[in-house]
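Biologist: Please take a close look at one part of this model, the loops with unusual backbone geometry, and then place them among the strands and helices around them.

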Amino acid sequence: MLAKIRSAAVFGIDAYVVDVEVDLTNSGNHDFFIVGLPDMAVKESALRVRGALKNCGYFFGQSVWVNLAPADKKKEGSGFDLPMAMGILCGLEAVARARLAEFLFVGELSLDGGLRPVRGALPIAVRARDAGIANLVVPAANAREAAVVEGVSVFGLNSVAEAMALVNGAQTFQPTRVDLAEVFARSSSYSVDFREVRGQQAAKRALEVAAAGAHNMLMIGPPGSGKTMLAKRLPTVLPALSFEEALQTTKIHSVAGVLDSAQGLLGTRPFRSPHHTISDAGLVGGGNIPHPGEVSLAHNGVLFLDELPEFRRNVLEVMRQPLEDGVVTIARAAMTLSFPALFMLAAAMNPCPCGFFNDPTRECHCTPAMIQRYVSKISGPLLDRIDIHMDVPAVKYRELRGEESAESSADIRARVERARGVQLERFKKDGIYANAQMSTRLIRRHCAIDEASEKLLEMAITRMGLSARAHDRILKVGRTIADLEGVPAIKSTHIAEAVQYRSLDRTYWA
């Protein structure tokens with residue numbers, strides 16, 4: 001007997017509807033065939049489904065044929081367990097066939113018939129709503145995540161027995177409801193604050209400028225100077241996430257399987273800090289069926305690369321395209337997938353292998369050749385995409401033990417949001433939102449400078465040994481500093497501050 005159950009699969013960060021066609025035949029054996037380009041996890045569903053139904057009291061001696069349509073798309077994951085089980089139960093006349101069309105099922109089965117969480121519940125809920133499917137059945141652990149989507153009734157269940165009771169009407173279940181405003185407000189607080197950082201006023205100012213213009217930033221300083229501490233607080237001064245940004249970021253984390261089931265919706269900007277041993281596929285995404293990498297998990301947030309020269313050269317180089325385009329495109333023989341990757345890069349490194357080059361209190365034991373070899377691990381094209389370079393010296397004892405309270409993240413964020421508002425108005429017809437994204441044409445239009453600034457910039461380029469690629473970066477950063485000050489024209493003081501954020505070009509990469 002043939003039964004057709006609707007389910008869904010994730011492709012990239014979006015989902016599509018899959019028709020799970022289940023046919024039971026009396027062939028005299030216990031075969032269980034699955035077709036429709038299943039991966040290994042889907043093929044193993046045969047064992048999980050048969051074992052779960054047996055332990056729930058449903059024995060069947062028929063052969064089972066399962067077709068996952070459309071058959072030309074690769075299917076992966078364990079989310080097809082529940083729809084397969086419901087199809088078999090329909091063939092055994094244990095569930096009402098007429099009501100199955102009202103539901104979309106997704107969930108992994110344990111051998112006792114329980115439901116385990118799956119990846120991608122949020123994009124599946126979006127797809128169910130767009131397809132006009134009224135009811136979505138997911139494991140209870142995925143219920144809050146899926147219920148964020150309005151326009152579809154989400155039933156979070158604990159077992160296949162509850163799914164049968166829901167379809168047959170034997171038991172009343174209430175769909176999961178979430179108060180989006182309450183969830184968003186509860187999840188939008190940070191556990192760290194700039195008030196906790198002692199000293200480092202110059203570095204804090206550089207981080208404020210970077211946040212205001214969405215500029216990528218590189219911090220260089222000795223071990224223990226606070227580079228990591230500063231970077232972890234960068235998301236706290238970025239503008240608050242909009243609901244659309246939160247929804248897109250949550251979809252990526254849901255597909256990657258790293259979303260906290262109790263959270264439901266991300267309300268804070270993500271901060272990702274991968275270890276320097278990460279592979280290129282782990283950083284930008286990959287696999288036989290590509291999954292998002294760290295650059296996509298940092299979408300709308302911050303990607304922090306600590307000990308930057310310790311990352312393998314090929315890993316750093318694959319990051320150039322997402323830094324430029326804000327998207328990662330992964331091509332395979334059977335498919336091409338794109339993942340959003342619009343993030344701020346914050347990187348940190350020691351000035352030399354021992355960490356104490358140019359330190360006034362500690363002696364550096366590295367030779368010039370060792371230092372050059374160390375810093376040259378970062379290529380010119382990658383360095384070209386980092387607007388702000390900041391020296392972060394060790395904190396002095398008096399600053400460390402001082403009683404003076406530092407400025408809070410909320411105060412800094414208020415200034416950043418005002419500057420971002422100016423930029424949104426400036427670029428409303430250009431398809432960008434921050435100064436760091438300006439093209440050469442937009443730089444010429446919005447970064448006009450007076451004669452005094454022109455002379456200062458010329459001196460920086462010619463006398464200080466700054467590279468030609470630093471020219472546009474200085475103008476972009478100068479534009480951001482002017483926006484923070486709330487003035488329409490870039491002044492020489494703004495150019496002077498922007499130039500100091502490129503002075504490490506001369507020190508390390510001359």
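Modeller: Ala214 counts as buried, because its relative accessibility is 12% and the cut-off for buried is under 20%. The model is a predicted one. In it, Ala214 lies in the loop that runs between helix H8 (201–213) and strand S10 (217–220). Its backbone is unusual for a residue that is not glycine: phi of Ala214 is positive, near 60°. Most residues other than glycine have a negative phi, and most peptide bonds are trans.

Strand S10, which follows that loop, belongs to an open sheet of five strands. The order in this sheet is S11-S14-S17-S10-S18, and the pairing is parallel. S10 therefore sits between S17 and S18 in the order. Strands of a sheet pair through backbone hydrogen bonds, either parallel or antiparallel. At the edges are strand S11 (271–272) and strand S18 (388–391), each of which pairs on one side only.

Within the sheet, strand S14 (residues 302–305) and strand S17 (residues 344–349) run parallel and are joined by four bridges. Leu305 is placed opposite Ala347 of S17.

The loop between S14 and helix H13 (313–317) holds a second residue with positive phi, Glu307. Phi of Glu307 is near 55°, and Glu307 is not a glycine either. Its setting is given by a relative accessible area of 25%, so Glu307 is partly exposed, whereas Ala214 is buried at 12%.

Another backbone feature is found in the loop between strand S4 (63–69) and helix H3 (81–91), where Pro70 has its place. The peptide bond that joins Ala69 and Pro70 is cis, with omega about 5°.

Turning to helix packing, helix H21 (residues 470–485) and helix H22 (residues 492–500) pack with their axes 8 Å apart, at an angle of about 125°. That angle makes H21 oblique to H22. The crossing of H21 past H22 is right-handed. On the H21 side, the contact is made by Ile474, Leu475, Val477, Gly478, Ile481, Ala482 and Glu485. H22 contributes His494, Ile495, Glu497, Ala498 and Val499. By class, the residues of this contact divide into eight nonpolar, two polar and two charged.

Methods: Residues are numbered from 1 along each chain as its sequence is written. This is a predicted model: local features need pLDDT of at least 70, side-chain atom pairs count only at pLDDT 80 or more; totals for chains, interfaces and linings use all residues. Side-chain values use heavy atoms; hydrogens and water are left out. Axes are lines fitted to C-alpha atoms, for helices over the stretch in contact, and angles run from 0 to 180 degrees between N-to-C directions. Helices (H or I, at least four residues) and strands (E, at least two) are DSSP runs, numbered from the N terminus. Angles under 35 degrees count as roughly parallel, over 145 as roughly antiparallel, 65 to 115 as roughly perpendicular and the rest as oblique. A crossing is left-handed if the near helix is turned anticlockwise from the far one by less than a right angle, and right-handed if clockwise. Contact means heavy atoms within 4.5 Å. Ala, Val, Leu, Ile, Met, Phe, Trp, Tyr, Cys and Pro count as nonpolar, Asp, Glu, Lys and Arg as charged, and the others, Gly among them, as polar. Two strands pair if DSSP finds at least two bridges between them. Buried means under 20% relative accessible area, exposed over 50%, partly exposed in between (1.4 Å probe, protein chains only).
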